Amino acid sequence: MTDNAAAPICLARPLSGPGTDRAGGCAAARGGDGRPLHAAALKFFWGPMDCGKSTMALQMNYNHARQGRRGLVTTRIDRSLGPQVTTRIGLAHAAIEVTDELDLRDLVRDALADGIRVDYLICDEASFYNLEHVEQMAELVDEYDVDVYAFGLATDFRSCLFPAAQRLFELADEVARIQIEVLCWCGREGLLNARVVHGRVVREGEQVVIGDTVDDADVRYQVLCRRHYRSGDLGPR
């Protein structure tokens with residue numbers, strides 16, 4: 001080897017996000033959290049109600065933060081109706097409420113402007129986000145090397161895909177159904193989220209109506225197998 005040997009060539013694609021060498025060079029091989037750049041991913045974790053989506057979101061945030069990574073937690077229309085992620089087993093975490101006007105990219109840009117590194121986003125209740133938010137998630141992954149972990153329902157009370165969930169299925173690097181089993185009252189696997197109003201399954205109305213799974217609510221949701229979702233049978237009361 002000679003002293004004037006050619007420098008190694010970086011084959012990684014240039015970034016247009018923070019840390020890019022605007023003169024034409026590539027970003028450093030590793031980001032501030034030590035992970036390789038260009039390795040971020042958009043992952044969508046989905047399942048019916050009661051399968052532990054929000055619990056998994058908080059566990060994911062805990063695991064990454066414990067290793068020194070810095071992240072932001074967002075949600076939309078949490079059951080608490082507040083800016084937090086809550087779970088039915090009692091866990092809770094403060095979160096940023098996602099509105100139609102909020103740009104997820106601005107959250108990262110503002111943090112960077114304040115000198116705060118952002119390595120990942122936890123996006124709970126992602127099925128209630130709008131399509132622009134999903135496109136922003138993809139841009140954060142591709143242009144800023146920010147990991148995005150989205151958690152949400154796939155289908156609504158009519159068994160139709162939420163628009164944001166559909167787009168996540170189309171764009172995500174990885175889609176995983178949460179494996180915690182939810183049962184219909186009959187013992188079969190629960191697949192579909194039925195909306196129950198005054199004790200009857202309804203199939204018309206606004207796509208998003210706030211409700212929970214408690215029996216005494218005027219509007220509630222119950223996970224059913226396909227057979228009993230189609231028949232509207234809520235089981236013995």
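**View 1. Three elements that help line the largest pocket of this predicted model.** Helix α1 (53-66) and strands β7 (147-152) and β9 (192-197) each supply at least two residues of the pocket lining. The largest share comes from α1, with four residues.

**View 2. The centre of the largest pocket.** The lining holds 35 residues. M49, K53, R79, R88 and E125 are the ones nearest the centre. By type, the lining divides into 16 nonpolar, nine polar and 10 charged residues. The space in this pocket comes to about 580 Å³.

**View 3. The open sheet of six strands.** The strand order is β5-β2-β6-β7-β1-β8, and the pairing is parallel. Strands β5 (96-97) and β8 (174-177) stand at the edges. Each has a single partner strand, so one side of each is left without a neighbour in the sheet.

**View 4. Strands β1 and β7 side by side in the pairing.** Strand β1 covers residues 42-46. Five bridges join β1 to β7, and the two strands run parallel. Look for W46: G152 in β7 stands opposite this residue.

**View 5. Helix α1 across the sheet strands.** Helix α1 lies across β1, β2 (71-75), β6 (120-123) and β7. The angle between α1 and β7 is about 160°. Strand β7 also joins α1 in supplying residues to the lining of the largest pocket.

**View 6. Helix α2 across three strands.** Helix α2 spans residues 104-113. The strands that α2 lies across are β2, β5 and β6. Helix α2 runs at about 150° to β2. Strand β5 is also one of the edge strands of the sheet.

How values were computed:
Residues are numbered from 1 along each chain as its sequence is written. This is a predicted model: local features need pLDDT of at least 70, side-chain atom pairs count only at pLDDT 80 or more; totals for chains, interfaces and linings use all residues. Side-chain values use heavy atoms; hydrogens and water are left out. On a 1 Å grid over the protein atoms alone, a cavity is a set of points where a 1.4 Å probe fits but cannot get out, and a pocket is an open set with protein on both sides within 12 Å along at least five of seven lines; lining residues have an atom within 4 Å of a point. Grid points are joined across faces, edges and corners, and a volume is the space filled by probe spheres set on the points. Ala, Val, Leu, Ile, Met, Phe, Trp, Tyr, Cys and Pro count as nonpolar, Asp, Glu, Lys and Arg as charged, and the others, Gly among them, as polar. Two strands pair if DSSP finds at least two bridges between them. Contact means heavy atoms within 4.5 Å. Axes are lines fitted to C-alpha atoms, for helices over the stretch in contact, and angles run from 0 to 180 degrees between N-to-C directions.
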